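Trainee: I should like to request a close look at a single part of this structure, followed by an account of its surroundings.

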Amino acid sequence: MTAFPAMTCSSAAAPALGSPTGPSRRKLLASALAFASAGLGPTAWAHNAPGAVDPPRPIPRAAITRHDDRKADLASLLRGRVTAMQLMFTGCSNTCPIQGALFAAAEQQLAGGATAPAAGQLLSLSIDPLGDDAAALKAWRAKFGAGSLWSAAVPAMQDLDPLLDFLQGRKAGPDRHTAQVYFFNRRAELVLRTVDFPQPAEVVRLLQALMGVA
Amino acid sequence: MEPPASVGAVRWSLAGLACAVLIAGAGGFWFNQRQVRLEREADLWAQGHQLFQGEASELGALSGRLAGHADDLPAMATRCTNCHTSGGGTDAPSKAPEFAPRLNRQGLTQPTPRRGGPPSAYDAASLCKLLREGIDPAWVMVRQEMPRYAATDAQCVALWAFLVSPAPGQAHP
């Protein structure tokens with residue numbers, strides 16, 4: 001990450017983000033805040049709420065169908081691994097191909113990393129339960145050459161709105177969702193929202209920081 | 001001594017024939033030049049169409065990346081047609097919400113307020129500036145998700161020709 005003006009981050013009751021503790025955790029939070037705020041105007045702040053989520057928030061219950069047609073609860077998919085999640089839908093031709101390409105690059109970098117890539121994962125979560133199913137998600141992943149570190153899933157219809165409320169992931173326009181990346185710790189708690197379209201290298205760097213390998 | 005009348009007639013005939021040959025030659029030359037020009041315009045239009053669709057063309061791929069990013073995106077993520085429609089100058093506006101402006105001769109070349117800026121119109125050079133730098137003719141920056149393209153001059157010319165010209169064999173709408 002390039003240099004940003006010095007930012008402070010309260011150390012009082014700092015929540016657990018993952019493995020890092022003490023000064024390294026504060027450093028991570030400050031770093032994440034600086035990254036998430038890069039290039040932001042007040043409007044973007046208000047709508048997308050990028051930055052560290054303090055305290056971390058557990059993801060609401062949501063039944064999902066994965067690209068391999070396995071059914072699960074979203075929290076169980078997230079638990080045990082650090083996750084970078086993006087919103088998308090397979091019928092989206094505007095921003096989603098860009099998001100897919102960025103995650104494809106991030107997965108390549110993550111897989112090429114020296115340390116425990118399997119401790120982290122990428123997840124594309126569809127916001128179109130009516131239009132997307134396992135087959136559509138599988139085909140969408142295949143277009144980008146997705147590997148084992150990157151999965152896709154679609155929530156049940158009744159669980160979509162609570163998820164979007166939780167993520168603050170709505171956006172006006174035909175694509176209807178932000179292009180942010182949402183980071184979850186190993187306890188399936190939301191710890192960070194980025195700005196729209198973060199660079200793949202930043203996604204990997206934040207994943208690795210949360211994994212405690214950076 | 002004056003030449004006989006028949007000789008004069010022959011001279012006149014030869015002169016007439018020469019004129020006819022000249023006129024036919026000029027007409028043929030003009031026709032040939034016109035055909036060459038039309039073929040060149042058709043090629044340019046086709047190349048611009050291929051670039052717009054994100055297809056390989058004689059002019060090479062149109063590579064692009066998001067502003068501030070280090071790496072190019074794949075063609076499937078940067079093709080113009082992902083977000084824009086083209087042509088349709090006299091079409092009724094689509095009722096479906098469009099993600100990005102429809103690109104056609106009328107919309108590009110008529111002074112129009114864009115992105116909250118003052119009225120502005122494009123030409124080939126300003127389209128090229130927008131493609132490369134993301135800045136429109138009124139100096140307003142386009143949205144973040146519009147890639148910045150490493151467009152060559154030839155690619156810019158072809159895209160402009162495609163966007164503001166009718167398809168080969170068709171008249172302007």
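Leaving aside its neighbours within four places in sequence, which residues is A:Phe184 in contact with?

Mentor: The model is a predicted one, with an ipTM of 0.77 and a pTM of 0.78. Once neighbours within four places in sequence are set aside, the contacts of A:Phe184 are A:Ile59, A:Leu78, A:Val82, A:Thr83, A:Met85, A:Glu189, A:Leu190 and A:Val191.

A:Phe184 also belongs to the largest nonpolar core, a set of 59 residues. It is among the members with the most contacts inside that core, together with A:Ala101, A:Ala106, A:Phe183, A:Leu207 and A:Leu210. Helix H4 of chain A supplies the largest share of this core, nine residues. A second core, separate from this one, has 23 residues, including B:Leu103, B:Leu127, B:Phe162 and B:Val164.

Two of the core residues just named, A:Leu207 and A:Leu210, are listed among the buried residues of helix H7 of chain A. That helix covers residues 200-211, twelve in number, and reaches 16 Å from its first C-alpha to its last, close to the 16 Å expected at 1.5 Å a residue. Ten of its twelve residues are buried, so H7(A) is largely enclosed by the rest of the structure. Besides the two leucines, the buried set comprises A:Pro200, A:Glu202, A:Val203, A:Val204, A:Leu206, A:Gln208, A:Ala209 and A:Met211. Just after the helix, A:Gly212 adopts a positive phi of about 80°.

The contact between the chains may be taken next. It draws 15 residues from chain A and 14 residues from chain B. On the side of chain A that touches chain B, helix H4 (residues 96-111) of chain A gives the most, with four residues. By class, that side of chain A has eight nonpolar, five polar and two charged residues.

Chain B itself has five helices and four strands, and from the N terminus on its elements run α-β-α-α-β-β-α-β-α. Its radius of gyration is 25 Å, well over the 16 Å that the globule rule gives for 173 residues, so chain B is more spread out than a compact globule. The C-alpha atoms of chain B fill a box of roughly 90 × 35 × 30 Å along the principal axes. Buried residues account for 24% of the 173 residues in chain B. Of the contacts in chain B between residues at least 6 apart in sequence, 51% join residues at least 24 apart.

One residue of chain B serves as an example of local detail. B:Arg105 lies in helix H3 (residues 105-109) of chain B. With 17 other C-beta atoms within 10 Å, B:Arg105 is partly exposed, because the count required for a buried residue is 20 or more. From B:Arg105 to B:Leu44 there are 61 residues in sequence and 16 Å in space, C-alpha to C-alpha.

Confidence should be considered alongside this description. The mean pLDDT of chain B is 87, and 91% of the residues score at least 70. Among the elements of chain B, helix H1 (residues 5-53) has the lowest mean pLDDT, 86, whereas strand S4 (residues 148-149) has the highest, 97. Over residues 89-95 of chain B the pLDDT is below 50, and this stretch has five contacts in the model beyond near neighbours in sequence.

Definitions and conventions. Residues numbered from 1 in each chain as written. Chains lettered and ligands numbered in written order. Predicted model: local features only at pLDDT ≥ 70, side-chain atom pairs only at ≥ 80, totals over all residues. Expected span 1.5 Å × (residues − 1). Contact = placed C-beta atoms within 7 Å. Nonpolar A, V, L, I, M, F, W, Y, C, P; charged D, E, K, R; others polar. Rg over C-alpha atoms; globule rule 2.2 N^0.38 Å. pLDDT = per-residue confidence, 0-100. Core = buried A, V, L, I, M, F, W, Y, C linked by C-beta atoms within 7 Å.
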